[in-house]
Amino acid sequence: MAPILSVRNLEKTYDGGFQALKSVSLDIEKGEVFALLGPNGAGKTTLISTICGLVRPSAGSITVGGHNALTDFRAARQLIGLVPQEMPLAPFENVADTVAFTRGLFGLKPNPALIESVLKDLTLWDKRKSMTMALSGGMKRRLLVAKALAHEPKILFLDEPTAGVDVELRHDMWRIVGNLKAQGVTIILTTHYIEEAEEMADRVGVINKGEIILVEEKTELMRKLGRKLLTLSLTEPLSAVPENLCRYDLTLENDGNNLTYTYDTHAERTGITALLTDLSKAGVHFHDLQTDQSSLEDIFVDLVKRG
């Protein structure tokens, strides 16, 4: 099956000479949740804006649902919903009219039942007659999602959807994304909150300095690049790792009170049994131990450092 969104050799250079995108190629599969991660200025918003037709690319091609987004813009854009970072809302318009008006912009007939369903899904139905200026920041964020869904898009872009909102709303947004995915909507989100990608994404892409440096299934990424740490709390601090233990990947922390061993959980042998034996031979004793799995955030930081 062809991807619902395909980007090939996409580039964007602004008039001042700054190259925001450098030969970006990316395929998004129908029905997946794809998280695009990257530091500030990496090119996340430029990439989304270019795909959505808000920024014209300098080179490359974009295909949305089989439509060329540059030569058949209207058909391609019809398939896309965009929730931007900013909140461009008419302050004196009520919630229901705001969503209905957005549907009309796409040339679609009024559908009060759909608007009601969208507002109820986003817990906005009780606010349907309220002016947008009277809404809280969290409710305005929900309204942006409602506007993006008003024309029943097949692809939804969420650009920093939970930036500046509280933890409760963030978890609510995760639930909303899960519901949309269950309905077959393809979702691409950018986020600074790594836990969002870890919670929701099927695949993760990392962009840095305008280039895609990695695209991988989330579970596979964590399997391949994740690491596990065994931390031993020593009975007496060490000033250095004993010479006969240097073959292990060991580091001293907490003023020599902790000894940390990094290992691959998927290797044929973890080396833990041999390490514990050699520790005893070296006269190094511990009173407690714990293991920790590296998170997606750890992996992301490592990737960006390498880039």
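Trainee: Leaving out residues up to four places away in sequence, which residues does H285 touch?
Mentor: The model is predicted, and contact here means heavy atoms within 4.5 Å. H285 is found in the loop between α9 (272-281) and β14 (286-293). With residues up to four places away in sequence not counted, H285 touches L234 and T235.

Trainee: How far apart are the C-alpha atoms of H285 and S233?
Mentor: Along the chain, H285 and S233 are 52 residues apart. In space, their C-alpha atoms are separated by 8.6 Å.

Trainee: Does H285 count as buried, exposed or partly exposed?
Mentor: Buried means under 20% relative accessible area, exposed means over 50%, and partly exposed lies in between. The relative accessibility of H285 is 46%, so H285 counts as partly exposed.

Trainee: Is N94 buried or exposed?
Mentor: N94 has its place in the loop between β6 (80-83) and α3 (95-105). Its relative accessibility is 18%, and the limit for buried is under 20%. N94 therefore counts as buried.

Trainee: How far does the backbone nitrogen of D97 lie from a polar atom of the N94 side chain?
Mentor: N94 touches R128, K129, S130, M131 and T132, with residues up to four places away in sequence not counted. D97 comes in through its backbone: the backbone nitrogen of D97 and a polar atom of the N94 side chain are the two atoms concerned. The distance from one to the other is 2.8 Å.

Trainee: Which residues of α3 and α5 make the contact between these helices?
Mentor: The axes of α3 and α5 come within 8 Å and cross at roughly 35 degrees. This crossing is right-handed. The contact is made on α3 by V95, T98, V99 and T102, and on α5 by L143, A146 and K147.

Trainee: How is α5 oriented relative to α6?
Mentor: Helix α5 (residues 137-149) and helix α6 (residues 167-182) pack with their axes 11 Å apart, at an angle of about 15 degrees. Angles under 35 degrees count as roughly parallel. That makes the orientation of α5 to α6 roughly parallel.

Trainee: What is the hand of the crossing of α5 and α6?
Mentor: The residues in contact are G138, R142, V145 and L149 of α5 and L169, D172, M173, I176 and L180 of α6. The crossing of α5 and α6 is right-handed.

Trainee: How many residues of β7 are buried?
Mentor: I155, F157 and D159 lie on one side of β7 and are buried, as are L156 and L158 on the other. Both faces of the strand are thus covered. β7 is largely enclosed by the rest of the structure, because the buried residues number five of the five.

Trainee: Which residue of β7 is the bridge partner of G81?
Mentor: β6 and β7 run parallel and are joined by four bridges. Within this pairing, the bridge partner of G81 is L156.

Trainee: Which residue of β8 stands opposite D159?
Mentor: Strand β7 (residues 155-159) and β8 run parallel, joined by five bridges. I155 stands opposite T186 in β8. For D159, the residue opposite in β8 is T190.

Trainee: Which residue of β8 stands opposite F34?
Mentor: Strand β3 (residues 33-37) runs parallel to β8, with four bridges between them. Strand β8 (residues 186-190) is mostly covered, with five of its five residues buried. T186, I188 and T190 are on one side of β8, and I187 and L189 on the other. Opposite F34 stands I188.

Trainee: What separation do the C-alpha atoms of L37 and L214 have?
Mentor: L37 is found in strand β3. At 1% relative accessibility, L37 counts as buried. L37 and L214 are 177 residues apart along the chain, and their C-alpha atoms are separated by 9.9 Å.

Trainee: Which strands stand at the edges of the open sheet of four strands?
Mentor: The order in this sheet is β2-β1-β4-β5, and the pairing is antiparallel. An edge strand has a single partner, so one side of it is left without a neighbour in the sheet. The strands at the edges are β2 (19-28) and β5 (67-68).

Trainee: Which residue of β4 stands opposite R8?
Mentor: Strand β1 (residues 5-13) pairs with strand β4 (residues 59-64) in the antiparallel sense, over five bridges. Opposite R8, in β4, stands S61.

Terms used. Residues are numbered from 1 along each chain as its sequence is written. This is a predicted model: local features need pLDDT of at least 70, side-chain atom pairs count only at pLDDT 80 or more; totals for chains, interfaces and linings use all residues. Side-chain values use heavy atoms; hydrogens and water are left out. Two strands pair if DSSP finds at least two bridges between them. Helices (H or I, at least four residues) and strands (E, at least two) are DSSP runs, numbered from the N terminus. Buried means under 20% relative accessible area, exposed over 50%, partly exposed in between (1.4 Å probe, protein chains only). A polar contact is a pair of N or O atoms within 3.5 Å; within protein, one must be able to donate a hydrogen and the other to accept it, and residues adjacent in sequence count only if both atoms are side-chain atoms. Axes are lines fitted to C-alpha atoms, for helices over the stretch in contact, and angles run from 0 to 180 degrees between N-to-C directions. Angles under 35 degrees count as roughly parallel, over 145 as roughly antiparallel, 65 to 115 as roughly perpendicular and the rest as oblique. A crossing is left-handed if the near helix is turned anticlockwise from the far one by less than a right angle, and right-handed if clockwise.
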